[in-house]
Amino acid sequence: MLNLAFTGFFVALLLAGLRRPFLWVLCYLYIDIVAPQIISWGFLSVIPTSLIAFVAAFGGWLALDGKEGTRFTWRQGVMLALLAYCAMTTLRADYPLPALEKWGWVWKALVFAIFLPLTLRTRLRIEAAALVMVLAASALIIDGGIKTALGGGGYGTLRIFVENNTGLYEGSILSCVAIAIIPIILWLARHSTIFPSDWRVWTFAVALIFACCLIPVGTQARTGLVCLAALCILYLRTARHRVLILAGMTLAAFAAIPFLPQSFVARMNTIENHEADQSAGTRLGVWKWTWDYARENPLGGGFEAYLSSRVEYDTVVRETTGELTTVRREHVVEKGRAYHSSYFEMLGEQGYPGLFLWLLLQASGLWQMEALRRRYRTQSAPEVAWVAPLANALQLSQVSYLVGSLFVGIAFQPFILMVIGLQCGLWSYLARVGTPQVKGDRAKPRARVERKMKVRPLT
């Protein structure tokens, strides 16, 4: 029955796209996030589901969709340059076969992120893409949240649908993404035109946010806890009642501690006592190795260059018996350990040029969203009242990802590249339609002819 449900939904999306080609873009978003071919064991598991959706999305846009107002932004150019550079490093990678395996999904993630903004020509399309991304990710998050609430979970043991440790099914990555989409969930609950804001929408949104907060508990991934703390702090920047919200957050945090699993509390304590944690020692050792490797290979070693890593470090273990505390050092040697950081992942695999392009892509997104937030925050006209909150949500989502990237190698995570595609689409759309002048606004008139923004069908 599960296999029939997934297959039927996939076929229905493909057929619906014959009338509304943009639905094929949404179909690819769903396929790439949920990966039903992994969950299913029948028809979908033996056909190239992702490739079919990608070809349909691109072919539908090329042959059937309108191109009015379509433009190629310079951030898409940065992604194109990064794609070309990754192709070059793959050709001369230290480990050709593993590099080709990673290249097999990285190029698709980058190409789709470059392509996505070309299809986001209306507000409705931007909103629909954000909605499908949230709902697709929520399938995994709700599953993990329910199991956590019922007492399940554990580091590396929380099972999301199937036994799998790739993409969003990996605990640390899912924790990072779960926290990163919270601002987008709030924006959809307030400003959605597909599901207008009412008590049902807010009930689902609150429950989903609660499930997002449970994912770091269920996966026991410290990355999620750090992302959540960073998001709470950043949210206060635009909140109206900062003191009240801060007090509520603090009270909620202290009230939740007695209900947290002891294994989760013990693992979170290793953030402070990192010297006793072998995982933290591995991270520091690999980061040091990557820094030395980049000095000798400034252009990078291609995908999976970490396979040649060799790190040595000491862990400090303290054991207390009565009034006697014994301190013991253990020497650890590990080989071929992953980077555990997107920044060092880019440095080791793509060298200084690749790291520069990646940082430029991220920094420009933060700047563009901040520029949009400041430009539209004082405008209350219904046509543009949604812009500043969306820009702020996409910015907070990206910041959460960048914080999580400090501890997880997710430089090319497809979901985050989709968020960047949304940013590019929003920037391009607003540059095309302009800013309607509202009575009382102080914004200067733009040189181009201004037009009112209208919600259009998904055509």
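**A mostly helical chain, inside and out**

Phenylalanine 204 is partly exposed in this predicted model, with a relative accessible area of 40%. This phenylalanine belongs to helix α10, which runs over residues 199–219. Phe204 doesn't sit at the surface by itself: together with Leu135, Ile194 and Phe195, Phe204 makes up a nonpolar surface patch. Between them, these four residues offer about 350 Å² of accessible area.

Stepping back to the whole chain, the fold comes out as 17 helices and two strands. The protein chain has 459 residues, and 52% of them are buried. About 21500 Å² is left exposed, and 66% of that comes from carbon and sulfur atoms. The chain also folds back on itself over long stretches of sequence: take the contacts between residues at least 6 apart, and 76% of them link residues at least 24 apart.

Helix α9 gives a good look at the inside. This helix spans residues 182–191, and eight of its 10 residues are buried. The buried set is Ile182, Pro183, Ile184, Ile185, Leu186, Trp187, Leu188 and Ala189. What do the buried residues of α9 pack against? Their partners are α7 (123–149), α8 (171–180), α10, α11 (222–235) and α16. Helix α10, then, is a packing partner of α9 and also the home of the partly exposed Phe204.

The α16 side of this packing can be followed through serine 397. Helix α16 covers residues 387–404, and serine 397 is part of it. Is this serine buried or exposed? Serine 397 counts as buried because its relative accessible area is just 1%, and the cut-off for buried is under 20%. Leaving aside residues up to four places away in sequence, serine 397 touches Ala180, Ile181, Pro183, Ile184 and Val419. Two of the residues on that list, Pro183 and Ile184, are also among the buried residues of α9.

The cysteines round off the picture. How many disulfides does the model contain? The count is zero. Cysteine 176 is in no disulfide, and the nearest cysteine sulfur, which belongs to cysteine 227, lies 4.1 Å away. A disulfide calls for two cysteine sulfur atoms within 2.5 Å, so this pair doesn't qualify. Cysteine 176 is buried all the same, with a relative accessible area of 0%. Cysteine 27 is buried too, at 0% relative accessibility.

Terms used: Residues are numbered from 1 along each chain as its sequence is written. This is a predicted model: local features need pLDDT of at least 70, side-chain atom pairs count only at pLDDT 80 or more; totals for chains, interfaces and linings use all residues. Side-chain values use heavy atoms; hydrogens and water are left out. Helices (H or I, at least four residues) and strands (E, at least two) are DSSP runs, numbered from the N terminus. Buried means under 20% relative accessible area, exposed over 50%, partly exposed in between (1.4 Å probe, protein chains only). Contact means heavy atoms within 4.5 Å. Accessible areas come from the Shrake-Rupley method with a 1.4 Å probe; for residues, only the protein chains shown count as cover. Patches are made of residues with over 30% relative accessible area and no salt bridge: like charges are joined within 9 Å, nonpolar side chains (Val, Leu, Ile, Met, Phe, Trp, Tyr) within 5 Å. A salt bridge is a side-chain nitrogen of Lys or Arg within 4 Å of a carboxyl oxygen of Asp or Glu.
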